[in-house]
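Me: I am new to this structure and would like a close look at one part of it, the enclosed space inside the protein and what surrounds it. Please take me through that part slowly, and then go on to the neighbouring topics that help to place it.

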Amino acid sequence: MKAKAVMVLGTTSGAGKSWLTTALCRHYARQGLKVAPFKAQNMSNNARVVLGGEIGSAQYFQALAAKAEPEVRMNPLLLKPERDTHSQVVLLGQVDEALTRMDWRGRSEKVWPTVALALDALMAENDVVVIEGAGSPAEINLMGSDIVNLRVARHTGAHCLLVTDIDRGGAFAHLYGTWALLPEADRKLIRGFVLNKFRGDASLLAPGPQMLQELTGVPTVATLPMWWQHGLPEEDGVFDDRHSGSGEIHTRIAVVAYPRISNLDEFQPLKNVPGVSLRWARSPAELQDVDWIILPGSKHTSGDLAWLRTQGLDRAIAVHAAQGRAVLGVCGGLQMLGEALIDSHGIDGNAPGLGLLPLVTAFEPAKTVQRTRASFGAVTGPWAALSGVAVQGYEIHHGQTVQHPAMAAAGDVARVPMPGLAWQNAAGNVLGLYLHGLFEDPAALHALFGARVPTLESVFERMADFIHEHFQPGVLDALIAD
């Protein structure tokens, strides 16, 4: 193994592992080192299309931060939850039906050789591999089948940081408890504790860090202040509703946050557009005063459509559309906007659609996973600014959508501003897209809002500056020293 392995573990989910891993990737890359990210197993419906298939969005952004080409070895196992007790399994970028049907405990041993090969290859090809753990390494009920935390750390001899979210409270207990539950040999892998999302005067933490070091032998190497508008898309969950753009609000946008929402990270740029307010909606009341409604992607379209109806959101969306206001459906959201979902293969489920576009979607076993470049033709209504705009993004979907045959025969035909990728209703206010990433494309943002937002490159640079400022001197260099 040529590379030095630096690993970020967390006391809990949401502690800041993905964020810190991304910052470390850029920190080491701008020292002229060849860097790659790695996460053995990720559970997320936020995925990106890369060389070889799809990986979790977090590893995609980490690769960009590392100035590396994103590829499937960086996240060899991706679990995409479809229900509370079922996930689609993606191995090395491709859906694996046999693994999807397998019990998860048995699956771990089955996939470990593939995971280890991917990791070994990255270790051989790079100077530094920055590894992200999952959840907590101290889940004692899962240690026997763990392939993402301690097993990876042992395999690479990684120098590990243990990060905790101090804003939640109980940070010292989380750090000590996690350390105490680790096998004694694994405790030696922990080189430093990181307090993340701290608000206030850091001097008030004393003597906590010193007492913790006396108990564990592990120093607290960084206290990272709370940073709301760092600009990196959130990996999981719905991010906060704080408006970070400047200027008077002119466009209020609501994204419907159904249970199996996917690829929500693509809407992060909207938070930074001057004059735009972005909110997440789970009730009809949250849609009443908005200008746009966005139906995002879904990992279980029929299930999320049923949830949407249960909440009464279907009626609120229909009223909004009938008033001529803008509605956008992306991927699963596009499928919901049509007349019907047809599933002959047991992939997602049959369901009537919202009936806002004269389309029908059939789910097929083959999955479309590809990067896409295309140009809008003539677009009407509130989306007219997209006319002629060339954009790039990605597609991840089982559904194939076409004009509804009977409705088309009767003369009710959707406009097609982008063949196979985009459809509009006759009035022009309802637009459906298979293309993810519209709001990440600078040309599309400029056309719609006349605005430019911080680039990912600038976000990565600020993140690297941030950890350089707040880590104790010499710590980051020591992590890659012999």
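Reply: Four elements, β6 (77-83), α11 (332-337), β21 (359-375) and β22 (390-403), each supply at least two residues of the lining of the largest cavity, and since everything here comes from a predicted model, the description that follows should be read as computed from that model. Among the contributors, β22 gives the most to this lining, with four residues. The lining as a whole is made up of 21 residues, and those that lie nearest the centre of the cavity are Ser298, Lys299, Ile396, His397 and His398. Sorted by class, the residues of the lining divide into four nonpolar, 12 polar and five charged. The volume of the largest cavity is about 220 Å³, and a search of the whole structure finds one cavity of 30 Å³ or more.

Two of the strands named above lead on to a loop and to an open pocket. The loop between β21 and β22 holds Gly381, a residue that is partly exposed, because its relative accessible area is 40%, and partly exposed covers the range between the limits of 20% for buried and 50% for exposed. Although Gly381 and Val416 are 35 residues apart along the chain, their C-alpha atoms are separated by 13 Å.

The open pocket is the second largest pocket, in which about 940 Å³ of space lies. Its lining counts 38 residues, of which Tyr60, Glu440, Asp441, Pro442 and Leu456 lie nearest the centre of the pocket. The elements that give two or more residues to this lining are β4 (47-50), α2, β21, β22, α13 (442-449) and α14, so β21 and β22 appear in this list as well as among the suppliers of the cavity lining. The largest share of the pocket lining, five residues, comes from α14. By class, the lining of the second largest pocket has 17 nonpolar, 11 polar and 10 charged residues.

Two of the helices that line this pocket also meet each other. The axes of helix α2 (residues 57-65) and helix α14 (residues 456-470) come within 10 Å and cross at roughly 80°, which means that α2 is roughly perpendicular to α14, a term used for angles of 65 to 115 degrees. On the side of α2 the contact is made by Phe61, Leu64 and Ala65, while α14 brings Leu456, Glu457 and Phe460. Counted by class, the contact of α2 with α14 has five nonpolar residues, no polar residues and one charged residue. Leu456 thus has a place in this contact, and Leu456 is also one of the residues nearest the centre of the second largest pocket.

A second pair of helices can be described in a similar way. Helix α9 and helix α10 (residues 313-322) pack at an angle of about 85°, with their axes 5 Å apart, which means that α9 is roughly perpendicular to α10. Their contact is made by Trp307, Leu308 and Arg309 of α9 together with Leu313, Asp314 and Ile317 of α10. By class, the contact of α9 with α10 has four nonpolar, no polar and two charged residues. Within α9, which covers residues 301-310, the residues Thr301, Ser302, Asp304, Leu305, Trp307 and Leu308 are buried, and Trp307 and Leu308 are therefore both buried and part of the contact with α10. Just after α9, Gly312 takes a positive phi of about 80°.

Note on methods
Residues are numbered from 1 along each chain as its sequence is written. This is a predicted model: local features need pLDDT of at least 70, side-chain atom pairs count only at pLDDT 80 or more; totals for chains, interfaces and linings use all residues. Side-chain values use heavy atoms; hydrogens and water are left out. Buried means under 20% relative accessible area, exposed over 50%, partly exposed in between (1.4 Å probe, protein chains only). On a 1 Å grid over the protein atoms alone, a cavity is a set of points where a 1.4 Å probe fits but cannot get out, and a pocket is an open set with protein on both sides within 12 Å along at least five of seven lines; lining residues have an atom within 4 Å of a point. Grid points are joined across faces, edges and corners, and a volume is the space filled by probe spheres set on the points. Ala, Val, Leu, Ile, Met, Phe, Trp, Tyr, Cys and Pro count as nonpolar, Asp, Glu, Lys and Arg as charged, and the others, Gly among them, as polar. Axes are lines fitted to C-alpha atoms, for helices over the stretch in contact, and angles run from 0 to 180 degrees between N-to-C directions. Angles under 35 degrees count as roughly parallel, over 145 as roughly antiparallel, 65 to 115 as roughly perpendicular and the rest as oblique. Contact means heavy atoms within 4.5 Å.
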